[in-house]
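Me: I am new to this structure and would like to go through it step by step. Could you show it to me before I start asking?

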Amino acid sequence: MIHYRISCPNPASQFLQIELRFSCLANEKVQLQLPAWRAGRYQIANYAQNLRGFTASNSKGEPIPFTKTTKDRWELIAPDDTLIHITYEYWAGKMDAGSAWVDDQQVYVNLVNCCFELLGRSTEPISVQLGLEDYPHRAVTLTQTEASTWMAENYQILADATVLAAKKLHRETYTVGSTQFHAWFHGEIHFDNPWFINQLQAFTRRMMEDFGSFPEPEYQFIFQLLPYPNYHGVEHRRGTVITFGPATSLQEAEALEELLGISCHELYHAWNVCRIRPKELLPYDFSKETYTQAGLVLEGVTTYFGDLYLLKSGTYDLRTYLRHLGKIVQREANHYGWKNASIEESSIDLWLDGYVLGVPDRKVNIYSHGALICLCLDVQLLKEGSSLAQVMNGMWENFGLPFKGYELQDFEKGIADRSAEPEKIRHFFDAFVRGREDLFPVLENCLQELGVLIRREETENSVFDQMGIQVNTQQVIQKIHPESIAYKHLMANDLLLAIDLNPDALHWELEVERQGRRVHLSVAKEAQTFYPQLRLEAGPSTPLRYNWMH
């Protein structure tokens, strides 16, 4: 068995002390691989940059020579049959749902950040002991075996686990079916907690009705309620970590809706991604990029259902749901990445720039664009007496329960098999999944089928909308519509100094500051509006809407 011990003798330093022990035979080659990324974020994180003071010794405390062969791999040869003792420090100074943080109130770490994989021995059980006596309250997504010890069946389970040890920690529990759910709260609670737990229970129950079962016997929500702005969630097989702040904002309904939204999204991941997983990611290879074209399923499906189950469970009413869906529609209406990259291509490019804005309109967002693709697919299936939820139930039964990897074509086939017009599904995938066609006209028709209308409204920046530019509060240009005349004259990061708004003129006369230079520009006026404000509105109910909502 492999043993870890985690302690923190000086929380002010934000360094964890980590000890690793395991037995070796004489002349055994040991390769210690620290993950370069984590599940749920397909981006190289290089956790080794947070590690210092690596040492190796035998059971007598004698040093063992080692070599660092890559940026995150260490190797050594066991001199004899012995117990190898590895020690190092890990800096826990980043607070989000996938990282590690230490202060005088808590020790919080996602173990994938700081625990080595012993290559060739990844299937061995691993114990984790916490030497954190000053932090008596613990939320750990592993199986507890002793007072301060937890067990992982193998490295994949260890790398998917979270440890939170704190001086104060509030817990609520609820049960759905045979699964017990724990909700842990670190930080100040500024909302009606019993009501919140009832909402968690409502959408948990509704999801389980559609999937038929839950992947684990126990599941833990770990909420970090922070005093400063923060919004992040990460899925794990046996739980989720959600960071949200400022905590005081949760006194307001809209902030509480956001917290429920991310909670529902992450819970859906317990099926989709944690168990229903592309074959490329099963098992995870944390040492390097692992490419998949299945971003549509990984995050598009989850984003769509993460909101829809709030509606299906009654947590959101239709107006609230449409307000949140409207934000996604607005975001997608303002971006033209679909002209330059399909969602398949953008899935591959997660490793390149999938989590940053990147250069203008280079790619699509697999979360929001994927969610709208899924809405269109769901409407098509609902019209034929099926649903995308039934497709995902099939994915669960065929791939999640047996825990075997799928290919994107399996998802497409699952949809086509439930359609009376499978050729129509193939054409849809050719156009909007593999291809680069405009989804918006199809989306608008699908929303009309649900009795939902897209209203176009003028904004207070109507001149900018007509010109085809978006600016920030400092009047710096952030985005320029690629089909506007302004695209040929203005540049991102130009500072607007003055605009002549003479309504009778045929041109806008502008003064901008560009890289320290003052530039005069004359931009022809256009009749159309490039960045309209969109709002979703429920029209008369349709038969399809009832089936969609329930």
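Me: Which residues have the most contacts inside the largest nonpolar core?

Reply: This is a predicted model. The largest nonpolar core in the model has 161 residues. Those with the most contacts inside that core are Tyr4 and Phe411.

Me: Which separate core is there, and how many residues has it?

Reply: A second core stands separate. Its members include Ile469, Leu490, Leu496 and Val512. Its residue count is 14.

Me: Which residues does Phe411 touch, leaving out those up to four places away in sequence?

Reply: Phe411 is one of the buried residues of helix α10, residues 408-416. Its partners include Leu388, Val391, Met392, Met395 and Phe429. The others it touches are Leu296, Val297 and Val301.

Me: What covers the buried residues of α10?

Reply: The buried residues of α10 are Leu408, Phe411, Glu412, Gly414, Ile415 and Ala416. Several helices help to cover them. The cover includes α4, α6 (343-348), α8 (368-383), α9 (388-400) and α11 (422-432).

Me: Are α3 and α4 parallel, antiparallel, perpendicular or oblique to each other?

Reply: Helix α3 spans residues 253-268 and helix α4 spans residues 295-312. Their axes lie 8 Å apart, and the packing angle is about 125°. An angle of 65 to 115 degrees would be roughly perpendicular, and one over 145 roughly antiparallel. The angle here fits neither, so α3 is oblique to α4.

Me: Is the crossing of α3 and α4 left-handed or right-handed, and which residues meet there?

Reply: α3 passes α4 in a right-handed crossing. From α3 come Leu260, Gly261, Cys264, His265 and Tyr268. From α4 come Glu299, Val301, Thr302, Thr303, Phe305, Gly306, Tyr309 and Leu310.

Me: By class, how many residues of each kind are in the contact of α3 with α4?

Reply: Glycine counts as polar in this sorting. The contact of α3 with α4 has seven nonpolar, five polar and one charged residues.

Me: Where are the prolines that follow the cis peptide bonds from Gly245 and Leu282?

Reply: The bond from Gly245 to Pro246 is cis, with omega near 0°. The bond from Leu282 to Pro283 is also cis, with omega near -5°. Pro246 is in the loop between β21 (239-245) and α3. Pro283 is in the loop between α3 and α4.

Me: Is Val273 buried or exposed, and what is its phi?

Reply: Val273 belongs to the loop between α3 and α4. Its relative accessible area is 1%, so Val273 is buried. Val273 is not a glycine, yet its phi is positive, at about 105°.

Me: Where is Gln14, and is it buried or exposed?

Reply: Gln14 sits in the loop between β1 (2-7) and β2 (15-24). It is not a glycine, but its phi is positive, about 65°. Gln14 touches Tyr90, Trp91, Ala92, Gly93, Trp101 and Val102, leaving out residues up to four places away in sequence. Its relative accessibility is 15%, so Gln14 counts as buried.

Me: Is His170 buried, partly exposed or exposed?

Reply: His170 is found in strand β17, residues 170-176. Leaving out residues up to four places away in sequence, it touches Ala183, Trp184, Phe185, Ile189 and Asn193. With a relative accessible area of 33%, His170 is partly exposed.

Me: How far apart in space are His170 and Asn230?

Reply: In sequence, His170 and Asn230 are 60 residues apart. In space, C-alpha to C-alpha, the distance is 20 Å.

Technical notes:
Residues are numbered from 1 along each chain as its sequence is written. This is a predicted model: local features need pLDDT of at least 70, side-chain atom pairs count only at pLDDT 80 or more; totals for chains, interfaces and linings use all residues. Side-chain values use heavy atoms; hydrogens and water are left out. Axes are lines fitted to C-alpha atoms, for helices over the stretch in contact, and angles run from 0 to 180 degrees between N-to-C directions. Helices (H or I, at least four residues) and strands (E, at least two) are DSSP runs, numbered from the N terminus. Angles under 35 degrees count as roughly parallel, over 145 as roughly antiparallel, 65 to 115 as roughly perpendicular and the rest as oblique. A crossing is left-handed if the near helix is turned anticlockwise from the far one by less than a right angle, and right-handed if clockwise. Contact means heavy atoms within 4.5 Å. A nonpolar core is a set of buried Ala, Val, Leu, Ile, Met, Phe, Trp, Tyr and Cys residues joined through side-chain atoms within 4.5 Å. Buried means under 20% relative accessible area, exposed over 50%, partly exposed in between (1.4 Å probe, protein chains only).
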